[in-house]
Amino acid sequence: MTRLLQRVAISLMKELIWCVAWRRIDWRKLFFAGAIMTVAGVLLPTFVLTYPMWFLSSPVVTYSHQPLNGSMHLSKTLTEARFEQFQLVPAAPSVSLNSTQVTQPLPFKKERTRTRRSRRKKRKTKINDEPTVIPPPPRKTISPHLQRYIASLPPHEALVYAKREIEHAPAVDDDPYLYAPVFRNLSTFMRSYELMDMILKVYIYPDGERPIFHDPHLMGIYASEGWFMKLMEENKEFVTRDPEKAHLYYLPFSSRQLELAVYVPNSHDLKPLSIFLKEYVNMISEKYPFWNRTRGADHFVVACHDWCPYTTTAHQELRKNTIKAVCNADLSEKIFIPGKDVSLPETAIRNPGRPLRNIGRGNRVSQRPILAFFAGNMHGRVRPRLLKYWHNKDEDMKIYGLLPTRVSRNISYIQHMKLSKYCICPMGYEVNSPRIVEAIYYECVPVIIADNFVLPLSEFLDWSAFSVTVAEKDIPKLKEILLAIPLRRYLKMQINVKMVQKHFLWNLRPMRYDLFHMILHSIWFNRLNQIQIP
């Protein structure tokens, strides 16, 4: 059939060339020839390419041995390779009648092809290791008349208006999104937050060179300051480019980057850091008029390094007047001023691209057999004492230094937290510790051991509802104190830990009432505390 079609095509081509050469074109014949060649072009590949290049395929050799009368003979069987090459279903293993071994067909290499659909399915099957964050309800609509009135107020008068409104906040006992038992005063918080949404504008100073300024540090135990800086500078809701309209002014420096850039290792001298900040504030006060209006009272810093409070001491107005949101909120140092300064939650971020990874999904109460757990470095005054009284002393109290390898092979640090009723959060070199927020992340009731520590976001959060505070002198009685807590109260605290968790989350896209907004609200509220109503 193939040869016949080839002969017809060749004869038609000769006829066409002869007609064209003598300029005698019979269009009917030409049309007929074109139709035949088109049909030939379709049929020819069908017959020729059904079994492509079968004559070049190498034979496949399979061996089988057959024991016959105690002697072994090898038989060689040749099969065409195209048989397996074009099989839609893999060949089943064959068994010889006189053979004791199954003869498997030789495997052939398959070309891996991944379609978009298979990739999508694979992505869908990935384990979701992030908590399910329920978005808050939308904001309440504001009347155009009220919007115009607030916009017409100068910044200071707008703050006076907000303080008066908060003092006469309507009573609220419950809310579908905010859980009342974890708040000191839900009515005041909700009214203050609503006014912040309506009024607050923040001006970020563009001055300062990287990496100390405008370069957020997003990883590790000092990541809180970096995440706030990142989200603040990306924000379009609260940030204004007109400093005359601002109610607060942000000094965007990183205490961690300041340490890396200025501190001389092992010198134990923080004076260069404090001088650096002093010179920066002096430059701001000379270049702009806003610092001198309030002597820095409407300016704020957000810093999580242990040294930050000490680096503000060289400039008296920076130390006494500026709002300091710091992790090291220690009353005994006489630098942190409650009611003006803000205790910043210390969060340890391991993956800046996914800050919520491995958060949540804690075990239920019945699956928490460990009474109390702690593991960490031995520094500061509290941790060695904790280890002295409780390491290897009680099966219910899993208290370690660094988590031993023999233990972590079976149960990781995070799994220990999920298996424990209480997570011990002792202070380190300073009063703050990232374990407090870690315990909340894994739905373990935090036990805080740090005298003179102002707990994070305590302007409105009621820490007694979801944590236990133990004095440093009571470490020897730690188990007795925990066992004395009634089961009903523990169950309430554990529920409260779950409910307060959403207020300690760093979202890549901030949402209302998350950690970014809670920190900003505490700064806003403490600024209102300084306003005097005439």
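In this predicted model, strands 7 and 8 run parallel to each other and pair over four bridges. One of the residue pairs along this edge-to-edge match is Phe300 with Ile323, the latter sitting in strand 8. The two strands belong to an open sheet of five, ordered 5-6-7-8-9, with parallel pairing. At its edges stand strand 5 (202-204) and strand 9, and each has a single partner strand, so one side of each goes without a neighbour in the sheet.

The loops that follow strands 7 and 8 are also tied covalently. Cys304 and Cys327 form a disulfide, with the sulfurs 2.0 Å apart. The link is left-handed, at -95° about the S-S bond. Cys304 lies in the loop between strand 7 (299-303) and helix 12 (308-311), while Cys327 lies in the loop between strand 8 (323-326) and strand 9 (342-343), so the bond ties together parts that are 23 residues apart in sequence. Neither end is out in the open: Cys304 is buried, at 0% relative accessible area, and Cys327 is buried too, at 1%.

The model holds two disulfides by the distance rule. The other one joins Cys423 to Cys444, where the S to S distance is 2.2 Å. Here the torsion about the S-S bond is 115°, which makes the link right-handed. Cys423 sits within strand 12 (residues 420-426), and Cys444 is found in the loop between helix 17 (435-441) and strand 13 (445-449), 21 residues apart. Both ends are hidden once again, with Cys423 buried at 0% relative accessibility and Cys444 buried at 0% as well. Counting bonded cysteines along the chain, the connectivity reads 1-2, 3-4.

Two further cysteines deserve a word. Cys308 takes part in no disulfide, and the nearest cysteine sulfur, in Cys327, is 8.9 Å away. Burial does not set Cys308 apart from the bonded cysteines, since Cys308 is buried at 2% relative accessible area. As for Cys425, the closest cysteine sulfur is that of Cys423, and at 6.4 Å it is too far for a bond. Cys425 is likewise buried, with 2% relative accessibility.

The Cys423-Cys444 link leads on to another parallel pair, strand 12 and strand 13, which are matched over five bridges. Within this pairing, Tyr422 has Val445 of strand 13 as its bridge partner. Strand 13 is well wrapped: five of its five residues are buried, so the rest of the structure largely encloses it. In a regular strand, side chains alternate between the two faces of the sheet. Strand 13 is covered on both faces, with Val445, Val447 and Ile449 buried on one side and Pro446 and Ile448 buried on the other.

Tyr422 turns up again in the largest nonpolar core, which counts 136 residues; together with Phe228, Phe504, Ile523 and Trp524, it touches the most other members. The biggest contribution to this core comes from helix 20 (residues 515-529), with nine residues. Phe228 gives a feel for how these pieces meet. Leaving aside residues up to four places away in sequence, its contacts are Tyr250, Phe300, Val302, Trp506, Phe516, Ile519, Leu520 and Ile523. Phe300, noted above as the bridge partner of Ile323, is thus one of the residues that Phe228 touches. Such a core fits a broad pattern: in soluble globular proteins, nonpolar side chains tend to be buried together.

Helix 20 reappears around helix 7, where helix 5 (144-152), helix 6 (155-167) and helix 20 are among the elements covering the buried residues. Helix 7 (residues 186-199) is 14 residues long and spans 20 Å from first C-alpha to last, close to the 20 Å expected at 1.5 Å a residue. Twelve of those 14 residues are buried, so helix 7 is largely enclosed by the rest of the structure. The buried set is not purely nonpolar in name: it includes Ser187, Thr188, Arg191, Ser192 and Asp197 alongside residues such as Leu186, Phe189 and Met190. At the N-terminal end of helix 7, Asn185 acts as a cap, with a side-chain oxygen 3.2 Å from the backbone nitrogen of Ser187.

Methods. Residues numbered from 1 in each chain as written. Predicted model: local features only at pLDDT ≥ 70, side-chain atom pairs only at ≥ 80, totals over all residues. Heavy atoms only, no water. Disulfide = S-S within 2.5 Å. Buried < 20%, exposed > 50% of the residue type's maximum accessible area, 1.4 Å probe, protein only. Core = buried A, V, L, I, M, F, W, Y, C linked by side-chain atoms within 4.5 Å. Contact = heavy atoms within 4.5 Å. Pairing = 2+ DSSP bridges. Expected span 1.5 Å × (residues − 1). Polar contact = N/O pair within 3.5 Å; in protein donor to acceptor, adjacent residues only side chain to side chain.
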